[in-house]
Amino acid sequence: MFGTAPLIEMIAVKIGTIYEISMIRQQVAALFASFLFAINSIAAQEPTTTPCYQAAVSSSQPLATQIGLDILSKGGNAVDAAVAIGYALAVVEPCCGNLGGGGFMLIRLQDEPAQTHFINFREKAPAKLTSDLFFNAQGEFQSQLARRGYLSAGIPGTVMGLNTALEKFGSLPLKTVINPAIKLAKHGFTLHDTHAKLLENAAPALSQDSNAKKVFIRDGKPHQAGQRLIQPQLASTLTTIAKKGTAAFYQGDIAEKIVASSNKHHGVMTLDDFKKYTVSFEQPVTCHYRGYDIITSPPPSGGGIALCEMLKILEKYEISCNQCPPSTRIHLMIEAMRYSFADRNHHLGDPVFVNNPIDKLLSAEHINDIEKSIRLRQATPSELICPQQKMPQQQPSKETANTTHYSVIDKHGNAVSVTYSLNSYFGAKVMPDNTGFLLNNHINDFTIIKGQRNIYDLQTGSRNILTGTKRPLSSMAPTLLLKDGQLKLILGTPGGPTIITTLLQTLVKYLDQDMSLQTAIDKPRFHMQCQPNTVFMEANVFSPEVAKQLQAMGHHLQQGSIYHTEEWGAVAAIEVETKATADGEKAQICYRPVIDRRRPDGQVGGLTG
Ligand code: DON
């Protein structure tokens, strides 16, 4: 979408005339030229050759990245930019960015000492939602009700989450950060191939909801690449939020519209659910790994705990030596995944409802016990540690899923890592009347009844049982990596449970196998979650010889993911590099944003100077 440097210069001059900021025009043009060129120059390059940015963004959409950089270049901080990106993605990435979902934001403020904050804006189950609503008159479990439609939707947290972050840590008014999203919704934006493919896949389901159909289907066909997607109702919802703030969504107009549509379609959401919705600040989970510190997501995410548990198990072994057979390293990683997922699925849930044994799961004693159980050349049968529960009859899931993650850092070093989601692509595939946004299907992440599997084939335990006002257990894990108290990486990814194994493999490749961040992210991945007892693989992840050795150890290998995709995850990260300057004295800090090759629309960018 960006042309050559002279063209950029021209656009920059043009933008320089449009923006009324008190700088002389050439300076503005130069600034925008370097800014646009910065975005232009990175995507295809290795981090070692990328410029040394003083502020940076990595997100799944070019327009969202551009908006984040624009906010940063206007003097906004990383939280301002993160909130603006969150609202922008709700417009330009309708599959995944959202107002009707929820997620987590991890913030590290470069105060003295640096402070880390974790905002939990995960959806809550409506108070009246009970598991019996998912059975028909014959007593059969209706798994599809937990995947699509109003019963599958939790009370959304995104608007309160973003606005709370802005009020507490931002520096710009809400209007300023929402405005770019309003413009994109009102005037439209050009759809890319990826948008068009996703819309085509989801078109049959979206066409069943009259509101979603009006937005995404034109003349009986889903919108095509190159067409403009204009979303006037979404623009109007965003304008209401910009004018009236969080209350508009939870106590006013917007809540009323959602509840009215829910009532019309046999949902159980009430105005009281919206009035009582809260976001919470939680203590992040922290752990050490070979001299590094990991700061990551606490419950209701099981992602951070499982990631830390996997790392702590692996720390027991030498996995970085060049002479070690790769099959041994991979075997140990698979075993670490298996044991940690068994714990995640069984022990964790919403901290308001259950006591999560975080210290115990990450204790030296527990990790030593796991080490003793792992055999060096033999796969542990999953049945021994996560016996499959008897399952109710349920239709196999055809849902493909995606979420979105983005990372931001400003010139002060304030860092923000956000993962938020509708769960499946386009969530519950329902759009409440006159709102312009889709609702999530995150109720699917609960144990609705014992033994039920969610769309990721996860069987979670009684601690994650569906209960009114509870938040479902998640795997989303916005994460930070530090060395000696200094920020080294901001990262996160979509992918349901593969979020955890994607982060693990990225960190192991980066820290233990000495790969550049881009290479560590781009390399093919594998995934194991205890049940099913299968190692899922992206193409070419193992050589034929390594695959044979793994099979001989008793691992069951299968190409493709647990949720019907060939590849999974889309890491959006920023690496912080501290270099000595030419005189060897003062340290110069560079931010190098990186995006996964699996997210073709993903865009990184930065500000220089
Ligand atoms: O909270 C969770 O773990 C999932 N509902 C997140 C969904 C997700 O990452 C989908 N991406 N593929």
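**Exercise 1. Ser-171**

Task: Decide whether Ser-171 counts as buried, partly exposed or exposed, and say where along the chain this residue lies.

Solution:
- Start with the accessibility: Ser-171 has 47% relative accessibility, so this residue counts as partly exposed. The range for that class lies between the two cut-offs, 20% and 50%.
- Keep in mind that you are working with a predicted model.
- Next, find the place in the chain: Ser-171 belongs to the loop that runs between helix 5 (158-169) and helix 6 (174-187).
- Finally, look across to Gly-75. This residue is 96 residues away from Ser-171 along the chain, and their C-alpha atoms are separated by 8.9 Å.

**Exercise 2. Asn-441 and Val-604**

Task: Work out why Asn-441 counts as buried, then do likewise for Val-604.

Solution:
- Recall the cut-off: a residue is buried when its relative accessible area is under 20%.
- Take Asn-441 to begin with. Its relative accessibility is 0%, and therefore Asn-441 counts as buried.
- Place Asn-441 in the chain: you will find this residue in the loop between strand 12 and strand 13 (479-483).
- Look for a partner of its side chain: a polar atom there lies 2.7 Å from the backbone oxygen of Arg-147.
- Now turn to Val-604, a residue of strand 20 (residues 603-607). Val-604 counts as buried because its relative accessibility is 2%.
- Add a distance: from Val-604 to Glu-538 it is 66 residues in sequence, and 24 Å in space between the C-alpha atoms.

**Exercise 3. The ligand and its surroundings**

Task: Find out where the ligand sits, which elements give two or more residues to its shell, and which polar atoms lie 2.8 Å, 2.6 Å and 2.7 Å from ligand atoms.

Solution:
- Locate the ligand: it sits in the largest cavity.
- List the elements with two or more residues in the shell: these are strand 11 (401-409) and strand 12 (415-424). Strand 11 gives the most, with three residues.
- Sort the shell by class: there are six nonpolar, nine polar and two charged residues.
- Pick out the nearest of the 17 residues around the ligand: Thr-403, Asn-423, Asp-445, Ser-474 and Ser-475.
- Check the ligand's nitrogen atoms: one is 2.8 Å from a side-chain N or O atom of His-442, and a nitrogen is 2.6 Å from such an atom in the side chain of Asp-445.
- Check oxygen too: a ligand oxygen atom is 2.7 Å from a polar backbone atom of Gly-496.
- End with the cover: on its own the ligand has 340 Å² of accessible area, and the protein covers 99% of that.

How values were computed. Residues numbered from 1 in each chain as written. Predicted model: local features only at pLDDT ≥ 70, side-chain atom pairs only at ≥ 80, totals over all residues. Heavy atoms only, no water. Near = heavy atom within 4 Å. Polar contact = N/O pair within 3.5 Å; in protein donor to acceptor, adjacent residues only side chain to side chain. Areas by Shrake-Rupley, 256 points an atom, 1.4 Å probe, with all protein chains shown as cover. 1 Å grid on protein atoms, 1.4 Å probe; cavity = no way out; pocket = protein on both sides within 12 Å on 5 of 7 lines; lining within 4 Å. Sits in = over half its atoms within 2 Å of the grid points. Helix = DSSP H or I, 4+ residues; strand = E, 2+ residues; numbered from the N terminus. Nonpolar A, V, L, I, M, F, W, Y, C, P; charged D, E, K, R; others polar. Buried < 20%, exposed > 50% of the residue type's maximum accessible area, 1.4 Å probe, protein only.
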